[in-house]
Amino acid sequence: MTDQNHGGDPDGRQNQADLIAAIATATGPGAVSVVRLSGFGADKALAQVFVAHLDPAKNPRAMVYGQLVHPQSKELIDRVLAVYFPAPHSFTGEDSAEIFGHGGSTVPRLILEAVLAAGARLANPGEFTQRAFLNDRLSLDQAEAVADLVAAQSEAEAALAVRHLEGTLSAKIKPVIDQTVDLQAELVAILDFEEDWDDDQRDRIIASLGRVYGKIFDLAEKGKNLRVFRDGLRIVLTGLPNAGKSSLFNALLGRDRALVSPRPGTTRDYLEAMVSWDGLRVELVDTAGLGSESGAESGAGSGDELEGLGQALALRELKDADVIVRLRSITQPGPDQAPQTWDGEKILTVWSKTDLAPGPLPQNSLGVSALTGEGLDALKQSVLKKVGLVKGLKPEIVPNLRQRIALEAALERIGQARQALLDRLPPDIAALEVSLALESLNRITGRVLTDDILSQVFEKFCLGK
Ligand SMILES: Nc1nc2c(ncn2[C@@H]2O[C@H](COP(=O)(O)OP(=O)(O)OP(=O)(O)O)[C@@H](O)[C@H]2O)c(=O)[nH]1
Ligand SMILES: [Mg+2]
């Protein structure tokens, strides 16, 4: 492990890494593509492939129009716009250039090949962002937010990622790190004058540790409770055969995706579909009915091997659900035979086919009609409430799994340090625990860096980012 202070060179030029290049846009049909270069000699490489009246390196941060040619054959490849960003005022903090050419599957590749022929090497996935991090342009949590923003599959995920990119997590964690550093300094000072160590001082440090604990706890809890803003929400529909699961699935999707029939046991495989609820990514899963409609011991259409296989799949799906919507047909209000093998906390029981209800629903119960659409909105709200979400919630910070593990490790250490002082153990135990807590906290922003952290974070990136 290394405790690094990245960059350091205010000019940012002397310690530039080798020249890398990649296509930054998605390949395939498209009007425009971007090829990116960064590192030592970006200006010279650009000069070899770009022919224009103006020199981009002498007109930094301005778009220059010109011809893109192969550096050796001088053959014309495209008409492009090029822009040059001298260090340190670029995304990576290094001398960089971007070439805006035509899109498609061929031109961007030819432009990249020209740039490689001019001395660049192909960048690894995430290498531009990694350099931005190593040059102190971004903290590690911000670099992770770059990957999250690119990978976002819903408005909620994108909104969260862009906030993290603004540095919301670093801003919250830095004061906690500062306080922990102060505590560590105080404990280390005490080690030198242990005989003077009095109760007042001990109580004061115990109180400070309690406050730091509270702040870290809040952040770690956010990672747990607001996880759906990162991972989306998986909702599995279950119930007896014919309960109306596939009909509800279709109604929530707004199109007829699943087969519906009055015959019990219609759905065999499970079906998945993605929808957006208040900008949140929701995966809906329709499954085979569990138990038998008639309440008999074996499944409906008993002896049917396929039905058994379908039910096994359904049971597996229930295990991965964030919320299980258990449908009960209002036309069969008798005892529910569905196996109760899953986590009760996740279950939302809902009456289906309310348009056929002979009278009012039981009090405080939830009902839907896939036929009329009645109750669908209330169902959505109840599901969101089940995972602790209130309408319109836009969290500023949701730590990802890596960050949450580091927070929980720090929490454990701070708790141990506090306990050691409460137990009147020698202060060197608390000092050690606090320094380990600090190490965990510094992993979040990347102040403490190991090779495994680097690869864990950057291997998720796409090429050219
Ligand atoms: N009136 C009315 N009928 C419904 C409603 N929802 C479902 N049905 C009917 O109930 C029958 C079963 O519906 P499905 O959606 O196939 O039920 P399922 O739970 O998916 O059934 P399996 O896949 O066999 O387990 C069909 O005849 C539907 O038309 C509803 O809201 N109102
Ligand atoms: Mg079905």
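Here is a walk through this structure, starting at its metal ion and ending at some unusual backbone spots.

A word on ground rules: this is a predicted model, where local features need pLDDT of at least 70, side-chain atom pairs count only at pLDDT 80 or more, and totals for chains, interfaces and linings use all residues. Residues are numbered from 1 along each chain as its sequence is written, chains are lettered from A and ligands numbered from 1 in the order in which they are written, and side-chain values use heavy atoms, with hydrogens and water left out.

Let's begin with the magnesium ion, ligand 2. Its protein donors are Ser-246, through OG, and Thr-267, through OG1, lying 2.0 Å from the ion. Donors here are N, O and S atoms within 2.8 Å of the metal (3.2 Å for Na, K and Ca), and because water is not among the atoms, sites may look incomplete. The two donors come from distant parts of the chain, 21 residues apart: Ser-246 sits in helix H9 (residues 245–253), while Thr-267 is in the loop between H9 and strand S10 (271–277). Those labels come from DSSP runs numbered from the N terminus, with helices (H or I) of at least four residues and strands (E) of at least two. Both Ser-246 and Thr-267 are buried, where buried means under 20% relative accessible area, exposed means over 50%, and partly exposed is in between (1.4 Å probe, protein chains only).

Now for ligand 1. It has 22 residues around it, and the closest are Lys-245, Ser-247, Gly-265, Thr-266 and Asp-355; to count, a residue needs a heavy atom within 4 Å of the molecule. Look at the oxygen atoms of ligand 1 and you'll find several protein partners. A side-chain N or O atom of Ser-247 is 2.5 Å from one oxygen atom, a backbone N or O atom of Gly-244 lies 2.8 Å from an oxygen atom, and a polar backbone atom of Ala-370 is 2.9 Å from an oxygen atom. On its own, ligand 1 has 650 Å² of accessible area, and the protein covers 87% of that.

Next, over to helix H11 (residues 376–386), where Leu-376, Leu-379, Ser-382, Val-383 and Leu-384 are buried. Just after H11 comes Gly-388, with a positive phi of about 80°. Gly-388 belongs to the loop between H11 and helix H12 (401–422), and it counts as exposed because its relative accessibility is 54%. Its C-alpha atom is 8.1 Å from that of Leu-226, although the two are 162 residues apart along the chain.

What about the backbone elsewhere? Most residues other than glycine have a negative phi, and most peptide bonds are trans. Lys-74 has a positive phi near 60°. You'll find Lys-74 in the loop between strand S5 (64–69) and S6, and it is exposed because its relative accessible area is 54%. Lys-353 also has a positive phi, of about 60°. Its place is the loop between strand S13 (347–352) and strand S14 (366–367), and at 26% relative accessibility Lys-353 is partly exposed.

Finally, check the peptide bond from Ala-87 to Pro-88: it is cis, with omega near 0°. Pro-88 lies in the loop between strand S6 (76–85) and S7. In strand S7 (residues 96–104) you'll meet Ser-96, which is buried, at 7% relative accessible area.

Conventions: Polar contact = N/O pair within 3.5 Å; in protein donor to acceptor, adjacent residues only side chain to side chain. Areas by Shrake-Rupley, 256 points an atom, 1.4 Å probe, with all protein chains shown as cover.
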